[in-house]
Amino acid sequence: MISFPQRLLEGYRAFTTQRLPTEQSRYLELSERGQSPEVMVIGCCDSRVSPEVIFDVGPGELFVLRNIANLVPIYQPDANAHGVSAALEYAVTVLKVKHIVILGHAQCGGIRAFVDKAAPLSPGDFIGRWMSMFIKPGEVVEQRTHESFQDFVTRIEKAAVFRSLENLMTFPFVRSRVEAGDLQLHGAYFGVAEGSLFVLDRAAKEFKSARAGE
């Protein structure tokens with residue numbers, strides 16, 4: 001017999017006795033009228049970077065998509081299946097979210113594999129092929145002179161946020177709503193060790209601390 005993870009059962013039981021009683025009416029309301037989140041967060045699969053925890057939100061508040069290295073591909077309607085594009089299409093055209101946040105983070109395994117030029121993990125090497133869309137044809141991503149390796153990795157982790165924001169605008173249904181003022185795109189970067197959050201200042205092209213007074 002295959003046993004369900006005990007930690008999850010314990011967590012669910014704690015949820016039913018502690019959190020659910022205070023949010024039961026919210027769940028009932030969501031089940032009856034459906035979801036209507038105003039914010040979509042595109043984050044990494046990394047278990048340390050949970051948008052719901054970082055932003056302290058309740059059920060129904062965020063539409064979350066997570067993948068390796070929080071990447072958004074370019075708009076490419078073809079015969080292939082596109083999970084990220086499908087989720088994005090649903091969020092923008094059906095849910096009509098008002099904000100999309102690309103949430104990057106420190107110690108990203110996907111980015112580290114990319115900068116390390118790691119050997120394929122398998123014959124299919126899904127991660128390698130996934131990360132390859134991070135760079136444009138002919139683009140070279142290398143460590144700069146006098147740049148430490150850690151600074152290089154951090155720079156690329158943040159660059160992934162910029163690239164995903166850029167790629168979002170290749171989707172016609174995103175671009176039209178942005179240009180109409182109905183949708184805003186945002187970037188953020190989470191520091192795992194400190195629990196710090198930095199929000200992208202699009203005009204200055206730099207990440208600034210989200211803590212009050214900083």
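**Close-up 1. Helix 3 against the strands of the sheet in the predicted model.** In this predicted model, helix 3, which spans residues 83-94, lies across strand 1, strand 2 and strand 3 (99-105). Relative to strand 2, helix 3 runs at about 170°.

**Close-up 2. The open sheet and its edges.** Six strands form an open sheet in the order 2-1-3-4-5-6, and their pairing is mixed. The edges are taken by strand 2 (62-67) and strand 6 (206-209), each of which has a single partner strand, so that one side of each is left without a neighbour in the sheet. On average, and with direction ignored, neighbouring strands of this sheet are turned by 30° against each other.

**Close-up 3. Pairing of strand 1 with strand 2.** Strand 1, made up of residues 39-44, pairs with strand 2 in the parallel sense, and six bridges link the two. At C44, the residue standing opposite in strand 2 is N67.

**Close-up 4. Strand 4 and its two partners, strand 3 and strand 5.** Strand 4 (184-191) is mostly covered, with six of its eight residues buried. Strand 3 and strand 4 run parallel and are joined by seven bridges, and G104 has Y189 of strand 4 as its bridge partner. The pairing of strand 4 with strand 5 (196-201) is instead antiparallel and extends over four bridges; here A188 is matched with V199 in strand 5 as its bridge partner. Strand 4 and strand 5 also form a hairpin, in which four residues lie between the two strands and G195, in the turn, has a positive phi of about 70°.

**Close-up 5. Helix 6 across the sheet.** Helix 6 lies across strand 1, strand 3, strand 4, strand 5 and strand 6, and its direction makes an angle of about 165° with strand 4.

**Close-up 6. The packing of helix 4 on helix 6.** Helix 4 (residues 109-116) packs with helix 6 (residues 149-168) at an angle of about 120°, and the axes of the two helices are 10 Å apart. The two helices are therefore oblique to each other, and helix 4 passes helix 6 in a right-handed crossing. On the side of helix 4, the contact is made by I111, R112, F114, V115 and D116, while helix 6 contributes F149, F152, V153, I156, E157 and A160. Divided by character, the residues of this contact are eight nonpolar and three charged, with no polar residue among them.

Key: Residues numbered from 1 in each chain as written. Predicted model: local features only at pLDDT ≥ 70, side-chain atom pairs only at ≥ 80, totals over all residues. Heavy atoms only, no water. Axes fitted to C-alpha atoms, helices over the stretch in contact; angles between N-to-C directions. Parallel < 35°, antiparallel > 145°, perpendicular 65-115°, else oblique. Left-handed = near helix turned anticlockwise from the far one by under 90°. Contact = heavy atoms within 4.5 Å. Nonpolar A, V, L, I, M, F, W, Y, C, P; charged D, E, K, R; others polar. Pairing = 2+ DSSP bridges. Buried < 20%, exposed > 50% of the residue type's maximum accessible area, 1.4 Å probe, protein only.
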